[in-house]
Amino acid sequence: MTGPDRIVPLYSSSSGNSTLIKSRGTYILVDCGMSCKMMTKALVESGVYPDDISAIFLTHRHTDHIGGVAVFSRKYHTPIYGTRATLAVLDGLNSPVFEIEENDIVTLEDGPEVRAFPTPHDVPGSVCYRVVNPDSGTSFAVMTDL
């Protein structure tokens, strides 16, 4: 996936959710709800290798949003960001893990700014993300299933 900033929905269903974002030459995933094998297949079909992913941002702790993150983290060591309530249910991670709070802004090295916004949902710590390229002003918002 070359060229300008882009957003690619990889999966969106009760079986699994994940969105790929390219911003400022950096690739991030919002959610990792499918198996590592399925995530890898979808990424490669999009022209991105799993090792190219700079970070995974988790919206909330439902399985269809986090179901593949433990195996993905063990295989690719991708940094994971999530709220305390979301990270609390994850076991077996083999990646750097970063706790974020509602309204936090994370700036990825040479990448975009990612801001977490609280969302109403049936689990605590649910957030959506706004990804901003500070050079171009391009931004994407990724919401949870409310």
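The following exchange concerns the cysteines and aromatic pairs of a predicted model.

User: What makes C32 and C36 fall short of a disulfide?

Analyst: The sulfur of C32 lies 7.1 Å from that of C36, its closest cysteine sulfur, whereas a disulfide requires two sulfur atoms within 2.5 Å, and the distance is therefore too far for a bond. C36 is likewise in no disulfide, and the structure as a whole holds zero disulfides.

User: How do you know whether C32 and C36 are buried or exposed?

Analyst: Buried means under 20% relative accessible area; C32, at 0%, therefore counts as buried, and C36, with 8%, is buried too.

User: Why is the pair of F57 and Y129 given the geometry name that it has?

Analyst: The search of the whole structure finds four aromatic pairs, and in the one formed by F57 and Y129 the ring centres are 5.3 Å apart with the planes at 65 degrees. Since pairing needs centres within 6.5 Å and an angle over 60 degrees counts as edge-to-face, this pair is edge-to-face. The pair links distant parts of the chain, with F57 in strand β4 and Y129 in strand β9, 72 residues apart.

User: What makes Y81 and F98 a stacked pair?

Analyst: Their centres are 4.9 Å apart and their planes differ by 20 degrees, and planes under 30 degrees apart count as stacked.

User: Why is F98 called partly exposed?

Analyst: F98 has a relative accessible area of 36%, and partly exposed covers values between 20% and 50%, so that is the class of F98. Its partner Y81, at 11%, is buried.

Methods:
Residues are numbered from 1 along each chain as its sequence is written. This is a predicted model: local features need pLDDT of at least 70, side-chain atom pairs count only at pLDDT 80 or more; totals for chains, interfaces and linings use all residues. Side-chain values use heavy atoms; hydrogens and water are left out. Buried means under 20% relative accessible area, exposed over 50%, partly exposed in between (1.4 Å probe, protein chains only). Rings of Phe, Tyr and Trp (its six-membered ring) pair if their centres lie within 6.5 Å; planes under 30 degrees apart count as stacked, over 60 as edge-to-face and the rest as tilted. Helices (H or I, at least four residues) and strands (E, at least two) are DSSP runs, numbered from the N terminus.
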